[in-house]
Amino acid sequence: MARINISEMEKIEKLRNSVQEEVQATYTTFISNGEKYFQIDTYGTKERVFSGKVSQVIQLDRKNAQVLIDLLKTEFNIAN
């Protein structure tokens, strides 16, 4: 499980990249200690040994969600 601090995330350049296989994902929102969180759960490939089990969890609070939105708008040249 990971709660990402996007404000400290930096862009790096890689020499080799590859497009990953699409997998099932779900999301949920919840409140903890008065703060709202957005959580993405991924379930891995269909060939996975434990099919249907959560593979990775990513959590964002409001501040980091806004930073991610701003990064995506910049990288994909999306206007407001």
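In counting charges, Lys and Arg are taken as positive and Asp and Glu as negative, while His and the chain ends are left out. On that basis, the chain carries 11 positive and 11 negative side chains, and 3 Å separates the centres of the two sets. The model described here is a predicted one.

The overall architecture makes a good starting point. The secondary structure consists of 1 helix and 4 strands, and the order along the sequence is β-β-β-β-α. In other words, the strands come before the helix when the chain is read from its beginning. Along the principal axes, the C-alpha atoms occupy a box of roughly 40 × 40 × 25 Å. The radius of gyration of the chain is 15 Å, whereas a compact globule of 80 residues would have a value near 12 Å.

The surface and the contacts add to this picture. Of the 80 residues, 14% count as buried. The accessible surface amounts to about 7,300 Å², and carbon and sulfur atoms contribute 52% of that area. Among contacts with a separation of 6 or more, 37% are between residues 24 or more positions apart.

With the whole chain in view, individual residues can be visited, beginning with arginine 3. Arginine 3 belongs to strand β1, which covers residues 2–3. Is arginine 3 buried or exposed? Arginine 3 has a relative accessible area of 52% and is therefore exposed, since the cut-off for that class is over 50%. Setting aside residues up to four places away in sequence, arginine 3 touches Tyr37, Gln59 and Asp61. With aspartate 61 there is also a polar contact between side chains, at 3.5 Å. Valine 19, by comparison, is 16 residues from arginine 3 in sequence, and the two C-alpha atoms are 23 Å apart in space.

The next residue, isoleucine 4, is placed in the loop between β1 and β2. Its relative accessibility is 28%, so isoleucine 4 counts as partly exposed. Beyond its neighbours within four places in sequence, isoleucine 4 is in contact with Ile58, Gln59, Leu60 and Asn64. A useful pair to look for in the structure is isoleucine 4 and alanine 65: they are 61 residues apart in sequence, yet 9.5 Å apart from C-alpha to C-alpha.

Glutamine 59 appears in the contact lists of both arginine 3 and isoleucine 4. This glutamine sits in strand β4, which runs over residues 56–61. Glutamine 59 counts as buried because its relative accessible area is 10%, and the cut-off for buried is under 20%. Which residues surround glutamine 59, leaving aside neighbours within four places in sequence? The contacts are with Met1, Ala2, Arg3, Ile4, Phe30, Phe38 and Gln39. With glutamine 39, the side chain of glutamine 59 forms a polar contact of 2.7 Å.

Glutamine 39 also leads to aspartate 41, as a polar contact of 2.9 Å joins the side chains of these two residues. The side chain of glutamine 39 thus has polar contacts with both glutamine 59 and aspartate 41. Aspartate 41 is part of strand β3, made up of residues 35–42. With a relative accessible area of 11%, aspartate 41 is buried. Not counting residues up to four places away in sequence, aspartate 41 touches Gln24, Ala25, Thr26, Val54, Gln56 and Val57.

Definitions and conventions
Residues are numbered from 1 along each chain as its sequence is written. This is a predicted model: local features need pLDDT of at least 70, side-chain atom pairs count only at pLDDT 80 or more; totals for chains, interfaces and linings use all residues. Side-chain values use heavy atoms; hydrogens and water are left out. Helices (H or I, at least four residues) and strands (E, at least two) are DSSP runs, numbered from the N terminus. The radius of gyration is taken over C-alpha atoms; the globule rule is 2.2 Å times the number of residues to the power 0.38. Buried means under 20% relative accessible area, exposed over 50%, partly exposed in between (1.4 Å probe, protein chains only). Contact means heavy atoms within 4.5 Å. Accessible areas come from the Shrake-Rupley method with a 1.4 Å probe; for residues, only the protein chains shown count as cover. The place of a charge is taken as NZ of Lys, CZ of Arg, CG of Asp or CD of Glu. A polar contact is a pair of N or O atoms within 3.5 Å; within protein, one must be able to donate a hydrogen and the other to accept it, and residues adjacent in sequence count only if both atoms are side-chain atoms.
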